[in-house]
Amino acid sequence: MFTIAAFFLGLLLMGVILIGAGGYIIFTSFWAGVLVLGIGFTALGLFLLLLPIFHWLTVNGIHLVSQLFQKLYNFLNEKNHFGKRV
């Protein structure tokens, strides 16, 4: 989970930094500036496209883990397993 969050944060920061750098470079070398701006906007676009997928995976992953622990608790809490002394 941490790795995915770090990837998204890196993608966002990369896009913002490259857009700023491209805005600066465009005055010295036009085509290099356009290239850097394009890469920055592509990174931001990829971030915005993948953000809903990341949100969906996070919410459903938490829900799945919650259901797993509920089933495990119910299994261990039955009289045959947890409360019975042998």
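This is a short tour of two helices and the aromatic rings on them.

Before you start, note that the model is predicted: local features need pLDDT of at least 70, side-chain atom pairs count only at pLDDT 80 or more, and totals for chains, interfaces and linings use all residues. Residues are numbered from 1 along each chain as its sequence is written, and side-chain values use heavy atoms, with hydrogens and water left out.

**Stop 1: the two helices**

Select residues 2-25, helix α1. Add residues 30-77, helix α2. Helices here are DSSP runs (H or I, at least four residues), numbered from the N terminus. The axes of α1 and α2 come within 7 Å and cross at roughly 155°. Each axis is a line fitted to C-alpha atoms over the stretch in contact, and angles run from 0 to 180 degrees between N-to-C directions. The helices are therefore roughly antiparallel, a term for angles over 145 degrees. The crossing of α1 and α2 is left-handed: the near helix is turned anticlockwise from the far one by less than a right angle.

What lines the contact of α1 with α2? Its residues are 24 nonpolar, five polar and no charged. Nonpolar covers Ala, Val, Leu, Ile, Met, Phe, Trp, Tyr, Cys and Pro; charged covers Asp, Glu, Lys and Arg; the others, Gly among them, are polar.

**Stop 2: F54 and F8**

Select F54, in helix α2. Beyond its neighbours within four places in sequence, F54 contacts I4, A5 and F8 (contact: heavy atoms within 4.5 Å). Now show F8, in helix α1, 46 residues away from F54 along the chain. The C-alpha atoms of F8 and F54 are 8.9 Å apart.

Turn to the rings. There are four aromatic pairs, counting rings of Phe, Tyr and Trp (its six-membered ring) with centres within 6.5 Å; planes under 30 degrees apart are stacked, over 60 edge-to-face, the rest tilted. The F8 and F54 rings have centres 4.8 Å apart and planes at 35°, so this pair is tilted. F8 is buried, at 9% relative accessible area. Buried means under 20%, exposed over 50%, partly exposed in between (1.4 Å probe, protein chains only).

Add F7 and F47: with F8 and F54 they form one aromatic cluster.

**Stop 3: F30 and W31**

Select F30 and W31. Their rings pair edge-to-face, 4.9 Å centre to centre with 75° between the planes. F30 is partly exposed at 47%. W31 is exposed at 66%.

**Stop 4: L35**

Finish on L35, also in helix α2. Buried or exposed? L35 is exposed, at 54% relative accessibility. Show L18 too: the C-alpha atoms of L35 and L18 lie 9.7 Å apart, with their positions 17 residues apart along the chain.

Technical notes. Helices (H or I, at least four residues) and strands (E, at least two) are DSSP runs, numbered from the N terminus. Angles under 35 degrees count as roughly parallel, over 145 as roughly antiparallel, 65 to 115 as roughly perpendicular and the rest as oblique.
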